[in-house]
Amino acid sequence: MSKQIQPLKFENYASFAAEMDTRDSLGNFRDKFYIPKQPNGEEVIYLTGNSLGLQPKSTRNYIEQELKDWENLGVEGHFHAKNPWLPYHEFLTEQMANIVGAKPIEVVVMNSLTVNLHLLMVSFYRPTRERYKIVIEAGAFPSDQYAVESQIKFHGFEIENSLIELTPREGENCLRTEDIAQTIFENGDSIALILLGGVNYYTGQAFNMRRITEIGHKIGAVVGFDLAHAAGSIELKLHDWNVDFAAWCSYKYLNAGPGGIAGVFVHERHASSFNLPRFAGWWGHDKETRFLMDKQFMPIKGAEGWQLSNPPIFQLAALKASLDIFEEAGMQNLIEKSKKLTGYLEFLLGEINDERISVITPPNPDERGCQLSIRVKNSDKNLFNKITKRGVIADWREPDVIRVAPVPLYNSLADVFCFAEILKDSLS
Ligand SMILES: *Cc1c(COP(=O)(O)O)cnc(C)c1O
């Protein structure tokens, strides 16, 4: 039975935000993070968890543990460290799988995002003369664009007739599912791969991944998602949605630190698809016989079979610190709070009542995550510089968009309120 949630009545008062914060059951999680300070000693208003998540105070201890074990044990740490290094990545699998709605066999933590996109495309972009096109968003993140184009060229195809870029309708900022469907059906069995961001990094739009996967499969294409802006931000059910593969980084909402180790998903139905081509390395080899150093590569069943190298333990430790916090908070609670924070932000932006500002992110809470992208008409970076001076850390995207993402683990309604006040002052 689904619980009927009363629509929240927001109020444009600092006291309202403060009162709501005292009732926030996740309120004390903010203390688990270092909040950067302004030169005057006050905490910044940090709204860029979509770019680089803040450092958990526990991260240092997690890394210290591995430094100590290395100091005391040397190579023996692979077996005798408190958290043995040999299987260390396995300690993260279940928590990561919970965050993206997957079974443990479908998830592994490895490499970084763009690297993983390439590795997955090696297996899941198999163009033929008849079926060779890739569908992406016209506004895809540049790295995804480069990765996809270079894959097309690698296979000897022309970008011009192989890359389908989805563009919003004239005068609109976001893509409509019906238009995505139409493009997919129009190109039908010439499409080999559909690869979209789960949440678009620029507009903040969350796609209907279940529906897009369904449509993609109808025409026989493979469907993958880049979840850089989705993992740790929105509800994901990759297994149930039947997504073929996905990849995400862990330094945005997942707080693993700059350049942190990334995650991948490969649906269970591909777990034993050993006939798929893949680039291989010893860490993807069957664990029983890995150290026999046999010449014949035998992949591990599931996502782990796509690993190449033994992973960076300090990176795993940093990510583990954050995943433990996610587990304690609970993804459902985080999503619920996120909707409150982002809803409040949207409400306050409306209250500013200035024709120059508009939100290009969809108004439907199910079509977005933490982030709102605010367009400021006829603005330039001066406005952004003004709010930065007042202690706001947000993100400016040319020509006229400010991206802000209140994050439920460490942001409060008070943060959102202060931001809106500063933006209002800076506009006048
Ligand atoms: C952040 C982000 C990346 C970054 O890629 P790295 O390989 O981690 O440097 C790529 N794609 C998207 C959609 C992103 O949001």
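These exercises walk through a predicted model, each with a worked solution.

**Exercise 1. Domains**

Find the domains of the chain and describe how they meet.

*Solution.*
Step 1. Take the bounds from the domain assignment. It gives domain 1 (14-32 + 332-427) and domain 2 (64-326).
Step 2. Look at the spacing. The centres of domain 1 and domain 2, taken over C-alpha atoms, lie 29 Å apart.
Step 3. Look at the contact. Domain 1 supplies 25 residues to it, and domain 2 supplies 16 residues.

**Exercise 2. The sheet of seven strands**

Work out the strand order of the seven-stranded sheet and name the strands at its edges.

*Solution.*
Step 1. Read across the sheet. The order is β2-β8-β7-β6-β5-β3-β4. The sheet is open, and its pairing is mixed.
Step 2. Check the ends. β2 (107-109) and β4 (163-166) each have a single partner strand, so one side of each has no neighbour in the sheet.
Step 3. Follow the twist. From one strand to the next, it averages 15 degrees.
Step 4. Add the helix. α5 (residues 113-124) packs on the sheet and touches β5 (191-197), β6 (222-226), β7 and β8. The direction of α5 makes about 165 degrees with that of β7.

**Exercise 3. Strand β8 and its neighbours**

Describe how β8 pairs with β7 and with β2, then sort its residues by the way they point.

*Solution.*
Step 1. Start with β7. Strand β7 (residues 245-248) and strand β8 (residues 263-266) are antiparallel, with four bridges. Here W248 stands opposite G263.
Step 2. Go to β2. β2 and β8 are also antiparallel, with three bridges. V109 stands opposite G263 too.
Step 3. Sort the residues. G263 and F265 point one way from β8. V264 and V266 point the other way.
Step 4. Check burial. G263, V264, F265 and V266 are all buried.

**Exercise 4. The sheet of four strands**

Which strands are the edges of the four-stranded sheet, and which residue is the bridge partner of D395?

*Solution.*
Step 1. Write the order: β9-β10-β13-β12. This open sheet has antiparallel pairing.
Step 2. Pick the edges. β9 (357-359) and β12 (395-397) each pair on one side only.
Step 3. Note the twist. It averages 30 degrees from one strand to the next.
Step 4. Zoom in on one pair. β12 and strand β13 (residues 401-404) are antiparallel over three bridges. D395 has R403 in β13 as its bridge partner.

**Exercise 5. The two sides of helix α13**

Which residues of α13 are buried, and why do they line one face of the helix?

*Solution.*
Step 1. List the buried residues. In helix α13 (residues 381-389), these are L383, F384 and I387.
Step 2. Look down the axis of α13. The buried residues fall within an arc of 100 degrees, so they line one face.
Step 3. Turn to the face away from the buried side. It carries the exposed residues N382 and K389.
Step 4. Find what the buried residues pack against. The partners are β10 (372-376), β11 (392-393), β12, β13 and α14 (413-427).
Step 5. Go past the helix. G391 follows α13, and its phi is positive, near 100 degrees.

**Exercise 6. Nonpolar cores**

Describe the largest nonpolar core, then identify the residues that L409 touches.

*Solution.*
Step 1. Recall the general trend. In soluble globular proteins, nonpolar side chains tend to be buried together.
Step 2. Size the core. The largest one has 69 residues. V100, I194, L227, L238, W248 and L409 have the most contacts inside it.
Step 3. Find the top contributor. Helix α11 (residues 313-329) gives the most, with eight residues.
Step 4. Match the core to the domains. At least three residues come from each of domain 1 and domain 2.
Step 5. Inspect L409. Leaving out residues up to four places away in sequence, L409 touches F29, R30, F33, N255, I325, F326, A329 and L334.
Step 6. Look for another core. One of 32 residues lies apart from the largest, and Y344, I387, A394 and L427 are among its members.

**Exercise 7. One lysine**

Is K218 buried or exposed?

*Solution.*
Step 1. Place the residue. K218 is in helix α9 (residues 209-218).
Step 2. Apply the cut-off. Exposed means over 50% relative accessible area. K218 has 60% relative accessibility, so K218 counts as exposed.
Step 3. Compare sequence and space. K218 and G188 are 30 residues apart in sequence, and their C-alpha atoms are 8.9 Å apart.

Definitions and conventions: Residues numbered from 1 in each chain as written. Predicted model: local features only at pLDDT ≥ 70, side-chain atom pairs only at ≥ 80, totals over all residues. Heavy atoms only, no water. Pairing = 2+ DSSP bridges. Axes fitted to C-alpha atoms, helices over the stretch in contact; angles between N-to-C directions. Buried < 20%, exposed > 50% of the residue type's maximum accessible area, 1.4 Å probe, protein only. Arc of directions from axis to C-beta. Contact = heavy atoms within 4.5 Å. Core = buried A, V, L, I, M, F, W, Y, C linked by side-chain atoms within 4.5 Å. Domains from an automatic or database assignment.
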